[in-house]
Amino acid sequence: MMGTSTLVCAPIMAETVRKMVSDMGKATALGADLVEIRLDYLKVFNSNEDLKTLIKESPLPTLFTYRPKWEGGQYDGDEKHRLDALRLAMELGADYIDVEFQVADEFIDSIYGKKPDKFKVIVSSHNYQDTPSLEDLGDLVARMQATGADIVSITTTALDITDVARIFQITVHSQVPVIGLAMGERGLISRILCAKFGGYLTSGTLGSGIVSVPGEPAIKDILHVYNFRLIRPGTKMFGVIGKPISHSKSPLLYNEGFKSVGFDGVYLHLLVDDIANFLRTYSSTDFSGFSVGIPHKEAAVKCCDEVDPVAKSIGAVNCIVRRPTDGKLFGLNTDYFGSISAIEDGLRGSHDRGNTTGSPLAGRLFVVMGAGGAGKALAYGAKQKGARIVIANREYDRARKLADEVGGDALSFAELENFHPEDGTVLANATPVGMQPNIDETPIPKHALRSYSLVFDAVYNPKMTRLLSEAAESGVTVVSGVEMLIGQAYEQFERFTGLPAPKELFRKVLDNCL
């Protein structure tokens with residue numbers, strides 16, 4: 001299977017030539033295809049000598065950029081000196097030069113008839129405010145192309161993830177090779193899916209340290225979390241929709257799974273502000289399925305053409321599958337399946353998983369913290385297994401509303417602290433309290449935990465939250481959100497691919513990354 005021809009570029013942004021040469025070695029080891037040498041970062045720059053060294057010592061093809069302050073770079077000196085240095089880099093054997101649109105006409109005229117055969121000029125434009133309309137982007141590309149650019153590079157700022165759709169449209173329809181990238185976390189998909197839509201290159205960092213633009217992922221993640229080299233025009237797109245979302249380990253899980261079964265798909269982090277707008281914008285059947293996270297699970301119900309009855313009664317959807325035949329969206333809820341089966345296994349004891357006659361939840365008191373989508377899933381799931389439900393929430397009215405729906409009782413969080421559960425009661429956290437990076441937080445004080453039989457936390461990063469640690473210290477059985485994640489991921493993987501989930505692999509991946 002042929003993968004992408006889109007190149008992976010490593011920006012080299014060191015302050016000395018020696019460190020730049022060292023970083024080029026790192027870029028090679030990480031699997032980059034070329035290096036972008038940012039001359040504007042050098043503290044001391046002797047153009048003739050340093051350019052010779054950088055070109056000679058680079059193990060990869062070189063792209064030279066000497067970005068001025070007026071285009072978001074570091075250089076604040078004489079413009080003639082800057083452009084002379086770029087011309088010299090070309091003469092000394094650079095593979096690419098990046099020149100800003102504002103000075104491109106003048107620069108390209110000055111090298112007319114002097115360009116080496118394989119040398120290419122990239123004409124670039126950076127917009128640090130927003131992503132223009134499709135019409136304005138099209139006009140900009142046409143004007144940049146008219147300078148004589150070999151490659152046009154447009155970097156915009158994604159204020160919403162739907163802005164990136166315009167970048168994809170420009171990339172696909174341009175007459176000249178395009179580098180189209182959007183900055184910020186909402187623009188991340190531009191840096192991965194450019195491989196699907198025919199972008200000339202993507203860029204990624206060497207790891208920690210200087211990031212060339214906001215929201216730039218690490219090369220290691222581009223290549224090994226998102227399997228960039230396997231992406232091609234026919235690749236199906238999946239992802240996890242949420243806000244916040246960068247903490248999610250789902251892309252690691254599903255992409256490893258896709259690769260292991262030979263499924264042509266890629267699964268992404270999708271920072272979404274408005275789920276209805278997102279689904280309307282990315283309506284092609286190539287955008288094939290989505291996991292839905294906090295805070296979009298309830299809004300997702302209204303966005304689907306058809307909703308599974310259990311998900312409808314819960315009032316929350318955490319998985320959307322787009323039917324390939326007609327593009328219709330089908331919504332279901334696998335949270336309920338994953339979390340309830342994990343809690344049942346915890347109550348039975350891991351040694352007794354074969355004994356499935358009747359649910360160990362039947363007749364038990366089941367206290368849910370949180371009345372959002374995840375809380376509803378837990379409440380309806382436990383109710384279906386015969387448990388008696390109590391809902392606790394910061395806003396008592398929301399707790400009361402959900403309790404009425406499932407035929408249970410309601411408490412405020414303040415009341416929960418002094419609540420005396422009966423023997424065998426289960427406590428389940430369905431709030432994001434305690435999730436990375438706020439790992440010192442807990443939804444309930446330690447003294448209130450010791451009377452419970454089992455405590456479950458839907459938060460899975462970190463694996464052992466403060467809530468679970470304090471419950472375990474109090475002698476209570478604990479069940480991690482990882483178990484829920486694995487259970488619901490099996491179900492979603494099979495819905496997305498039509499193939500059996502690689503269960504051992506999923507457990508191994510999660511054990512490694514949490």
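Which residues does Ile320 touch, not counting residues up to four places away in sequence? Select Ile320 and show its contacts (heavy atoms within 4.5 Å). The partners are Ile275, Leu279, Ser288, Gly289, Phe290, Val292, Ala300, Cys304, Leu329, Phe330 and Phe496.

This is a predicted model, in which local features need pLDDT of at least 70, side-chain atom pairs count only at pLDDT 80 or more, and totals for chains, interfaces and linings use all residues. Residues are numbered from 1 along each chain as its sequence is written, and side-chain values use heavy atoms, with hydrogens and water left out.

**Whole chain**

Zoom out to the C-alpha trace, which spans about 85 × 50 × 40 Å along its principal axes. The protein chain has 19 helices and 20 strands; these are DSSP runs (helices H or I, at least four residues; strands E, at least two), numbered from the N terminus. Of the 514 residues, 57% are buried. Buried means under 20% relative accessible area, exposed over 50%, and partly exposed in between, with a 1.4 Å probe and protein chains only. Of the contacts between residues at least 6 apart in sequence, 68% join residues at least 24 apart.

**Nonpolar cores**

Return to Ile320 and add Phe64: these two have the most contacts inside the largest nonpolar core, which has 89 residues. A nonpolar core is a set of buried Ala, Val, Leu, Ile, Met, Phe, Trp, Tyr and Cys residues joined through side-chain atoms within 4.5 Å. Next, select 188-197, helix α7, which gives the most to the largest core, with seven residues. A second, separate core has 33 residues, including Val368, Leu378, Ala410 and Ala458.

**The largest pocket**

Select His247, Gly293, Ile294, Lys297 and Tyr460. Of the 33 residues lining the largest pocket, these are the closest to its centre. The pocket holds about 530 Å³ of space. On a 1 Å grid over the protein atoms alone, a pocket is an open set of points where a 1.4 Å probe fits, with protein on both sides within 12 Å along at least five of seven lines; lining residues have an atom within 4 Å of a point. Grid points are joined across faces, edges and corners, and the volume is the space filled by probe spheres set on the points.

Colour the lining by element. Those giving two or more residues are β9 (236-242), α9 (250-261), β11 (287-292), α13 (335-348), α14 (373-384) and α18 (481-497). Helix α18 gives the most, with four residues. By type, the lining divides into 18 nonpolar, twelve polar and three charged residues. Here Ala, Val, Leu, Ile, Met, Phe, Trp, Tyr, Cys and Pro count as nonpolar, Asp, Glu, Lys and Arg as charged, and the others, Gly among them, as polar.

**Salt bridges**

Stay on Lys297 and add Asp335. They form a salt bridge, with the closest N and O atoms 2.4 Å apart. Lys297 lies in helix α11 (residues 297-303) and Asp335 in helix α13, so the pair ties together parts that are 38 residues apart in sequence. Both residues are buried. The criterion is a side-chain nitrogen of Lys or Arg within 4 Å of a carboxyl oxygen of Asp or Glu, and the whole structure contains 36 salt bridges.

Also in α13, select Glu344 and its partner Lys385, which lies in the loop between α14 and β16 (388-393). Their closest N and O atoms are 3.6 Å apart. Glu344 is buried, at 8% relative accessibility, whereas Lys385 is partly exposed, at 31%.

Move to Glu483 and Arg507, a salt bridge with closest N and O atoms 3.3 Å apart. Glu483 lies in α18 and Arg507 in helix α19 (residues 503-513), so parts 24 residues apart in sequence are tied together. Glu483 is partly exposed, with a relative accessible area of 27%. Then select Arg67, Glu79, Arg82, Asp98 and Glu100, which are joined into one network by salt bridges that share partners.

**Backbone stops**

Most residues other than glycine have a negative phi, and most peptide bonds are trans. Select Ile294 and Pro295: the peptide bond between them is cis, with omega about 5 degrees. Pro295 is in the loop between β11 and α11. Another cis peptide bond joins Gln436 and Pro437, with omega also about 5 degrees, and Pro437 lies in the loop between β18 (426-429) and β19 (454-457).

Finish at Asn227, a residue other than glycine with a positive phi near 50 degrees. Asn227 lies in the loop between α8 (219-224) and β9, and counts as buried at 9% relative accessibility.
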